[in-house]
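Subject: Structure handover, with notes on its empty spaces

Hello,

Here is the structure I promised to pass on. Please have a look at it before reading my notes underneath.

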Amino acid sequence: MGWGNGYRNSGICRLYNYEQALAHFNDTKPIRGREVECRPLGHRDRPHFSIKLNEQQEVECCEYNHQPAVTFRPNGEVWIKPSWTSVSSCAFIEEVLGIGSSQVDYKIRIELASGTFVVPINEGLVIKRDPERGNNYHPLSVRPNVVHHIKRGEANNVRSQYADVFSYAHGYFKLGATIPSDEEQREMFGTKQIVNEYADGERYEYDVLNNPRWEISNPEDFEQFIDMMRSDDPMDKYKAIVALRIQIGTWRSPNHTYKEVLQVIDRMVLAMHRDEVFKEVEVPVGVVRKDIYSWAFD
């Protein structure tokens, strides 16, 4: 259910503070016939938006998975912690609190009187109204916003340490960038069986290619890839490049894949040496800037 079809007619009313949220909980009758109590936050035919009272007497406003995204505490604090980063979660925050919220660079941002703030995925963000500052919401648990700048001299020095790896990748594409057939890929990497079992007990089994998959910022994946690329066996080098092309998913377009493969290798190299190559730059409180090198730290 998207913003246009669901939230505009959700029936969710804006909750100004804890007292209003608690009153809304007490005034809302549970939906009858349910094993687990469910009090709708908005219209009664939209029970996926619900309101709860936990053991600490905190009022929890829950979205689709019945997990709290906005929690009102008795001391006036409001804890924002959606279960996932999505446009729907941003819309939910806007409906409940009446503050601006958006998803940018796979992060949830909220707009307050004192600036723009990122909601950390793991710990969330705590805000509270300040009577001395217009009774507007202000953040209490602000984690410094940091971006990364690249040190180009050090980056080039690091790249030079892997000149043999880049040289092989260039040579591979220069010679035609051939990709083995599906049958040859299965012979090269083998297959593994995937079993999906459904609630009714039915099982669905199928085979998938057992090719290596590497994460850019994972040191173990990087070492495995470099070991294959520096192997004395030419077949290991060939398999490393082929596996990377398959993982990228655009191997049917050689020209497009050429640039992407080199970019992924470059990112793996820089991420492995991120402490040498990047420096942290703190952003002023209330200002959010895009970290274009965040891929090296994820």
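The notes below cover pockets, a cavity and two arginines.

This is a predicted model, in which local features need pLDDT of at least 70 and side-chain atom pairs count only at pLDDT 80 or more, while totals for chains, interfaces and linings use all residues. Residues are numbered from 1 along each chain as its sequence is written, and side-chain values use heavy atoms, with hydrogens and water left out.

First, the pockets. A pocket is an open set of points on a 1 Å grid over the protein atoms alone, with protein on both sides within 12 Å along at least five of seven lines; its lining residues have an atom within 4 Å of a point. Volumes are the space filled by probe spheres set on the points, which are joined across faces, edges and corners.

The largest pocket holds about 900 Å³. Its lining has 35 residues, and those nearest the centre are Lys107, Val118, Arg143, Asn145 and Val146. Two or more lining residues come from each of strands S6 (107–112), S7 (115–119), S10 and S13 (278–283), strands being DSSP runs of E with at least two residues, numbered from the N terminus. S7 contributes the most, four residues.

Arg143 sits in the loop between strand S9 (136–139) and strand S10 (145–150). With 52% relative accessibility, Arg143 counts as exposed (over 50%, 1.4 Å probe, protein chains only). Its C-alpha is 9.2 Å from that of Phe117, 26 residues away in sequence.

The second largest pocket has a volume of about 150 Å³. Strand S1 (residues 50–53) gives the largest share of its lining, four residues; other parts of the lining include Phe25, Arg34 and His66.

Next, the cavity, meaning a set of grid points where a 1.4 Å probe fits but cannot get out. There is one of 30 Å³ or more, and the largest cavity has a volume of about 70 Å³. Among the residues lining it are Trp84, Ile108, Val119 and Ile121.

Finally, what is the nearest side chain of opposite charge to Arg129? It is Glu19, 8.7 Å away, and Arg129 has no salt bridge although it is buried. Here buried is under 20% relative accessible area, and a salt bridge is a side-chain nitrogen of Lys or Arg within 4 Å of a carboxyl oxygen of Asp or Glu. Arg129 lies in strand S8 (residues 125–130). Its side chain reaches the backbone oxygen of Asn135 at 3.0 Å, and a polar atom of that side chain lies 3.0 Å from the backbone oxygen of Tyr16.

Best wishes

Definitions and conventions. Lys, Arg positive; Asp, Glu negative; His and termini not counted. Polar contact = N/O pair within 3.5 Å; in protein donor to acceptor, adjacent residues only side chain to side chain.
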